[in-house]
Amino acid sequence: RWLLKALPYFVCALPPGLFVLWIGHTPHAGCETLLGVNVTYLAMLLLCYGLPVGLFLVSISGARMGMRTLRTGYFPPLDVAVFANTIAAKGALARIRGTALIVLPFVMLYIIWLGNDAYAAFAGGKSPTQIMERLDAKCR
């Protein structure tokens, strides 16, 4: 059961992790293409959008646990499957953790907004095609 609950973490972390490993072991990674798109441009998209959106999706699952924590007063809630034997704590620290889990998706939305601003600053009003042509021109 815990493996099924951990599946979103693996799905969100595995593709970016493999991408970073591939870039790290590729000579002249700035000149490589993946599916016809410059790898540098893909890395920028992954940093500005992919990573924050993936963390947002994971934080949504934590928000549900945060609501149950505030409702019951225990962290982790007594009916939640955990990775290791964990003593459920009750009190102010449990309420703080529950509140943090509820606030985290909103923080991630703010980080997505910051990523969008970073992409807009990098792009400078240029289309993705123009950006990739400029990156490919440096390789020739």
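**A walk around the model**

Visitor: Let's kick off with Ile-87: where is its place?
Guide: Keep in mind as we go that this is a predicted model. Ile-87 isn't in either of the two strands here; its place is in the loop between strand 3 and strand 4.

Visitor: And is Ile-87 buried or exposed?
Guide: The relative accessibility of Ile-87 is 75%. Exposed means over 50%, so at 75% Ile-87 counts as exposed.

Visitor: Which residues does Ile-87 touch, leaving out those up to four places away in sequence?
Guide: Start with Phe-75, which is 12 residues apart from Ile-87 along the chain, with 8.5 Å between the C-alpha atoms. Contact is about heavy atoms within 4.5 Å, so the C-alpha separation doesn't settle it. With sequence neighbours up to four places away set aside, Ile-87 touches Phe-75 and Pro-76.

Visitor: What kind of peptide bond joins Phe-75 and Pro-76?
Guide: Pro-76 is found in the loop between strand 3 (74-75) and strand 4 (89-90). For the bond joining Phe-75 and Pro-76, omega is about -10°, and the bond is cis.

Visitor: Which residues does Thr-69 contact, apart from neighbours within four places in sequence?
Guide: Thr-69 lies in helix 2. Its relative accessible area is 0%, and buried means under 20%, so Thr-69 is buried. Beyond its neighbours within four places, the contacts of Thr-69 are Tyr-74, Phe-75, Pro-77, Ala-94 and Gly-98.

Visitor: Ser-59 next: buried or exposed?
Guide: Ser-59 is found in helix 2 (residues 39-72). Neighbours within four places aside, Ser-59 is in contact with Leu-101, Leu-104, Pro-105 and Met-108. Its relative accessibility is 4%, so Ser-59 counts as buried.

Visitor: What is the area of the nonpolar surface patch that includes Leu-104 and Tyr-110?
Guide: Tyr-110 lies in helix 3, and its relative accessible area of 48% makes Tyr-110 partly exposed. The patch is made by Val-103, Leu-104, Val-107, Tyr-110, Ile-111, Trp-113 and Leu-114, and its area is about 610 Å².

Visitor: How many residues make up the largest nonpolar core?
Guide: Its members are Tyr-41, Met-44, Cys-48, Tyr-119, Ala-123, Ile-131, Met-132 and Leu-135. Helix 2, helix 3 (92-123) and helix 4 (128-137) each supply at least two residues of this core. In all, the largest nonpolar core comes to 8 residues.

Visitor: Over what arc do the buried residues of helix 4 spread?
Guide: Ile-131, Met-132 and Leu-135 are the buried residues of helix 4. They sit on the same side of helix 4, because the arc they cover around the axis is only 95°.

Visitor: Which residues are exposed on the other side of helix 4?
Guide: The buried residues of helix 4 pack against strand 2 (37-38), helix 2 and helix 3. On the other side of helix 4, the exposed residues are Glu-133 and Arg-134.

Visitor: Last stop, Thr-33: how far apart are the C-alpha atoms of Thr-33 and Val-53?
Guide: The place of Thr-33 is in strand 1 (residues 33-34). Thr-33 is partly exposed, at a relative accessible area of 45%, and it touches Trp-22, Asn-38 and Val-39, not counting residues up to four places away in sequence. Val-53 is 20 residues apart from Thr-33 along the chain, and their C-alpha atoms are separated by 23 Å.

How values were computed: Residues are numbered from 1 along each chain as its sequence is written. This is a predicted model: local features need pLDDT of at least 70, side-chain atom pairs count only at pLDDT 80 or more; totals for chains, interfaces and linings use all residues. Side-chain values use heavy atoms; hydrogens and water are left out. Helices (H or I, at least four residues) and strands (E, at least two) are DSSP runs, numbered from the N terminus. Buried means under 20% relative accessible area, exposed over 50%, partly exposed in between (1.4 Å probe, protein chains only). A nonpolar core is a set of buried Ala, Val, Leu, Ile, Met, Phe, Trp, Tyr and Cys residues joined through side-chain atoms within 4.5 Å. Patches are made of residues with over 30% relative accessible area and no salt bridge: like charges are joined within 9 Å, nonpolar side chains (Val, Leu, Ile, Met, Phe, Trp, Tyr) within 5 Å. Accessible areas come from the Shrake-Rupley method with a 1.4 Å probe; for residues, only the protein chains shown count as cover. A salt bridge is a side-chain nitrogen of Lys or Arg within 4 Å of a carboxyl oxygen of Asp or Glu. The arc is that of the directions from the helix axis to the C-beta atoms.
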